[in-house]
Each structure stands twice: as C-alpha cells, then as structure tokens.
Amino acid sequence: MLDLSSILSTPAPPIVQTLLAIPLVLVAISLLTWLTTTINWYSSISQFKSRVKSPSTTVKPIPPPLLPYAIPWLGSALTFLNENPGSFWRMLRAKLASTGTNVQVCTILLGGQKAHVVNSAAAVQALFKSKHVSRDLFNYQIATQGLGASKRDAEVMFPSIPSSSHSDKKEDSMDGLNHEFLLNQSAANSLTNKFMECFRSTLDNADLEDLEWKQVDLFSWWKKLLFNASTTALFGTKILEMNPDLADQFWEYDAGFLARFYGVPKIFKPRAYACLDEMLDRTQAWVEHVLAEHGGNPPEQPDWEPLMGSKVVRARHRHYTREGLSSRGRAAFDLGFLFGLQANVIPVTSWILAHLLSPQTPEDVLLRVREEIESARRPDNEVDISILVGQPVLNSVLHETLRHYVDALVTRQLKVDMVLDGHLLKKDDLVMAPSSLSQHDPQFWDQDTEPPGDVWYAERFLRQDPTTGKQSFGTSWTAGKFFPFGGGTHVCPGRIFAKQEVLGALATLLLKFDLRFVEYLGTDRNGDTLNLGKGAAGFPKVRKQYAGNGTYAVSGC
Ligand code: HEM
C-alpha cells in the first residue's frame, strides 16, 4: 500500500527543486521585463503628450517609445516573425493608435538589435532626403545571411571602413554602375526591348497558337514564362542551358530568403538553407564557365550576348574583378541581382492579372485597360512602350497593386544624430520605413470617396482634371506614404525597367490572346489542385511569409 501523506510531506531532492524553480524564474523574468517595458512605454507616451502641449520653442527632442516586450534580448522578434502577412504592422498600428496620440515613430527590439520604425509622411520623407544615412550594414547582412556570401566577399562589396584603395570614380562604384546600366532611360529602354523580344518568343513557343480556347493554370504558366524571358534578357541564354530548373529552384530560394536573413535556425527552415547551397553551386558553375569563355574579362559591347546577357550583368562582373571577389561571391551577388529582378515583378504582374480578370472587379476596368493597350499597338502589332507607360488606368492599376501588395522593409543606418518627428535618433541607430505600414495607413488612405486602403481599387491613383474633365494619373499627393521602390539615394535602380517590363508583358499578353476567367484554383495541404468556383471567397490569397518580404507572393503557386 502507498502512503501518500508521507510522499507529499518528504521534501523534493535539491535537483528537482532547481528544475521546478527554472520555469518560475523564467516566468518572473518575463513578467518583470513586460512590466518595466510597459511602464517605460507609457512614460515615453506621456512625455510625448506633454511635449505636444508645450510651445514649440521650448520643445526638446525625446527618444521614441520602445514597444513593450516580455522576453529579454528577443524583444518583439517572435511577433515580428509571425508569418501572417501584415500582422506585425497591424499590431503596431493598433498599439500606436491606442495611445490616443499622434506618435508615429517607435523603437522595436528584435533579437538584440534595436530599430526605429517610422510611419509619418514627414519622417519618411526626411529620412529619404538625408545624405547622412547608409544602407551598407543592411546590405552586408543581406549578403552574408540572405545571399550566402562569405564575410570576406561581403566586406569587399560593403566595407565597414571605406578603404583608400577604393576608386572615387562614380562609374567604378555600384551606384554609378546602376545609374549607367540600369536606371538611365536609354539603358532601361534597351533592357526592355530585349525583354520584349524574349517574352514574345517565349509566348510564341507556348503552343497556344492553333487552339481556339485552352484552359491554363494562369499563375504557374505566367510565372515560368516571365521568369525565363527576363532571365534571358538580363543574364543571357547560357545560365538556363546549364540549369534548366533555375525557375523552380529560384522560388524556393526566394521563399527562404527572409528566414535566412532573419537568422531563423536551420532546424525550423531546413529547405531555406539547403536550396541556397544548391543554387550557389550551380550559379558558380555558370559564372566560372562564362568568365573563362570571356577570357576573364566580360566585354562592354554589345548590348546583349548569350553568355552573360546584358551590359549591366557584364559591368557587375568587371566590378567584381576590380574588387577581387571570389567566384562563390560572384555567384552570391548575381543571385541577389536575380532576386531583385524577379522577386517583385512576377508577383506584381500576377496580382494585376488576378484583379483584372476577376469577376469581382467591375467589368469596365479591363475594358478601359484593353482600350489603352490597343492605342499603344504599333502598325507591326508590337507594343509601343513609350505610349503604354503614359496610360492613366494602366498606371493606376500598377501603382495600386504596388501599394496594396508590396511590403518592403526600407532600412537605413544613421551616420549622425537625427531628429525625426521630434524624436532623437542617435548616430549608428537603425531606422526602418516599412512600406506596408504607410501604404495601408487608414488615416491617409481611407478617404470618404474611395474604398478603404485595405481594399484593392483600380482607380485609386486617378484624379479628375477640373479644367479638361479628363482623368489623369499621378502620385505626387502620396509623398512619404507610398514608396514601394524605397526612396532617396538608395531607391530601387531597377524601377524604370520594372514598370516598363510589367506593362509591356501585360500588354503583349492581352493583345495576343483573348483571356476569359473560368474559375479560381487553390491547393490543399498535399499541394493538389482544388477547384474553388467563381465567388469572391476563391480569390487568390497572400502566401504565409515574414514581414518585409517585398511583394507578397500568391498562395499555392
Ligand atoms: C515591382 C518591382 C520592384 C520593386 C517593388 C522593387 C523594390 C525595391 C526596393 C524597396 C529596394 C530597396 C530600396 C531602398 O532601400 O530604398 C530595391 C532595391 C534594389 N532593386 Fe528593386 N524593385 C523592383 C524591381 C527591380 C528590378 C526589375 C531590378 C533589376 C533589374 C531591381 C534591382 C534592384 C537593386 C539592384 C536594388 C539594390 C540597390 C542598392 O543596393 O542600392 N529591382 N528594390
């Protein structure tokens, strides 16, 4: 028989007592941390309130409030790593709104790293205008963690201390190179022309010519088509010959990018790391092959050639040579460039097609888009890009898609102390302007006459001209609230090409084919296709992904 009273009254051995005490101590630490950070938060908010009441001449800048957290060091990292898109920004917006003040700058702690998050248009604009900010630390972390470059190669590309051996000539720097070979209008036009040629030829080979109607899974079909055409236009044909599965591998690499960048342990996201190694191996093999073919020195002319494609890719390799990059490093940075090229444009065009063809979008939107595209048709049946990029409805549709779906974490490090919205931010601090936070701010986007900002609305960027009565497109009224391409000196250098590419590809598709919506498709847990009918509930969903992923990917494809 068991004498329970004697068991219960016997004191537990010291080891058991220690083990039992650990969770209690952890809970106590968490509670204490949460309590002190919450008290600090409210004390900063009340400082902010009293500062608002003071006459402006006596106001001293104050540090931004630090978002309360319960786990020391980790801070808000676990909430930030929630893969429900936009959830962290919604939580932050609600937390700021709950203060009953207009505080628009706050600090968050993410795994030992503090960062200030800015949301007001004035603060974002001031950040972009400042010459005393840098992206180098962010780029270095992207290079080592996201792209898999060695520390040495990352330091070569983004030196922590600028070396005296580095050339001061603008054209020798990455910025100068981006301006000359990517951003400059004639360079962007030349890339667009090559892209259009590649895209038309992939479309011609898509085996749809002789059929009256054919059902396709639009996103999968479109994704591959666009990927291969723009990869060929920028990188040449050899890379796809040597690695025909590049498109499939790329989407795995892309899906794991932020997990690697945020340092999520391998055990939770093994594929994010495994696919990086595979892609680096294959890209390195291509780099070594094409460099050898070019005698180690890729030529500046012609505009395009099959081994290394465009001028911009060859200029990047001449830059890598000057900087003494390893071939693994070249592969890592080329993959980074491929990421810049593909990761946003493809989902952006997919979302545009989804909305244009959806039975939930008013029919006249597609009709007006078709009319605008028709007016850009040249006598030889090709698209005149210069006319296309000036079309108001098409532009509004594109910009609304960038507003609604781009979640870019525009990040800068301060080279000097800076005051934003009356908050003092110190030299070397990190500042983040999350595009999704600003691009969905209800205070700015929820205007009486239009659907709220959490809804995609084709005409959001159109304004009626009071004199002509015509609708025109513009974004000047959105300064500091709409920045899908980032801003300031580090703004995306691919943006001109990106817009021409998106509109050119859509126009080519719509001029060549009659498209008719059949029904929505989805996938089940096993990845098998599901038919979802025509109702609004079937409209494609955003895939689960971390905050700051760039353009949201479409779930299930
Ligand atoms: C819809 C399409 C695109 C979007 C939304 C987009 C967005 C962005 C954003 C937010 C940044 C960071 C800017 C900042 O920190 O202020 C960026 C950087 C960059 N993008 Fe894009 N991008 C797009 C297309 C492209 C394309 C097509 C290319 C190449 C052909 C490209 C090449 C780059 C490069 C090289 C950088 C890094 C610039 C630097 O480090 O200074 N992007 N992009």
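## A walk through the fold, starting at Gly-329

Setting aside residues up to four places away in sequence, Gly-329 touches Ala-149, Ser-150 and Asp-153, where contact means that C-beta atoms, placed from the backbone, lie within 7 Å. This is a predicted model, in which local features need pLDDT of at least 70 and side-chain atom pairs count only at pLDDT 80 or more, while totals for chains, interfaces and linings use all residues. Residues are numbered from 1 along each chain as its sequence is written.

Gly-329 sits in helix 16; helices (H or I, at least four residues) and strands (E, at least two) are DSSP runs numbered from the N terminus. Gly-329 counts as buried because 25 other C-beta atoms lie within 10 Å. The cut-offs, with C-beta atoms placed from the backbone, are 20 or more other C-beta atoms within 10 Å for buried, 12 or fewer for exposed, and partly exposed in between. Another residue to look for here is Val-156: 173 residues separate Val-156 from Gly-329 along the chain, yet their C-alpha atoms are 9.8 Å apart.

Now step back to the whole chain, which splits into domain 1 (22–118) and domain 2 (146–551), with bounds that come from an automatic or database domain assignment. The C-alpha centres of the two domains are 33 Å apart. Each side of their contact supplies 23 residues: 23 from domain 1 and 23 from domain 2. On the domain 1 side, helix 4 (87–97) and strand 2 (113–118) are the elements that give two or more residues. Strand 2 contributes the most to that side, with five residues. What is the make-up of the side of domain 1 that touches domain 2? It divides into 15 nonpolar, five polar and three charged residues; here Ala, Val, Leu, Ile, Met, Phe, Trp, Tyr, Cys and Pro count as nonpolar, Asp, Glu, Lys and Arg as charged, and the others, Gly among them, as polar.

The largest nonpolar core has 120 residues, and those with the most contacts inside it are Val-118, Leu-127, Ala-143, Ala-332 and Val-502. Such a core is a set of buried Ala, Val, Leu, Ile, Met, Phe, Trp, Tyr and Cys residues joined through C-beta atoms within 7 Å. Beyond its neighbours within four places in sequence, Ala-143 is in contact with Ala-149, Ala-154, Met-157, Phe-158 and Ala-332.

Helix 16 returns when you turn to the ligand. The shell around the ligand holds 25 residues, the closest being Gly-340, Asn-344, Gly-486, Cys-492 and Gly-494; a residue is near if its C-beta atom, placed from the backbone, lies within 6 Å. Helix 16 (327–342), helix 17 (345–357), strand 6 (406–414) and helix 23 (495–512) each give two or more residues to this shell. By type, the shell divides into 16 nonpolar, eight polar and one charged.

Next come the strands, which pair if DSSP finds at least two bridges between them. Strand 9 is a good one to follow. With strand 2, strand 9 pairs in the parallel sense over three bridges, and Met-432 in strand 9 stands opposite Val-117. With strand 6, strand 9 pairs in the antiparallel sense over five bridges; there, Arg-412 has Val-431 as its bridge partner. Further along, strand 12 (residues 520–523) and strand 13 (residues 529–533) run antiparallel and are joined by four bridges. These two strands form a hairpin with five residues between them, and Gly-527 in the turn has a positive phi of about 85°.

Two aspartates also have positive phi. For Asp-421, in the loop between strand 7 (418–420) and strand 8 (423–425), phi is near 50°. For Asp-428, in the loop between strand 8 and strand 9 (430–434), phi is near 80°. Asp-421 is partly exposed because it has 19 other C-beta atoms within 10 Å, whereas Asp-428 counts as exposed, with 12 C-beta neighbours inside 10 Å. Another backbone feature is the cis peptide bond between Gln-301 and Pro-302, with omega about -5°; Pro-302 lies in the loop between helix 14 (270–293) and strand 4 (304–305).

Finally, visit Glu-400 in helix 20 (residues 392–405). Is Glu-400 buried or exposed? Glu-400 counts as buried because it has 22 C-beta neighbours inside 10 Å. Leaving aside neighbours within four places in sequence, Glu-400 is in contact with Trp-456, Tyr-457, Ala-458, Arg-460 and Phe-461.

Methods: Contact = placed C-beta atoms within 7 Å.
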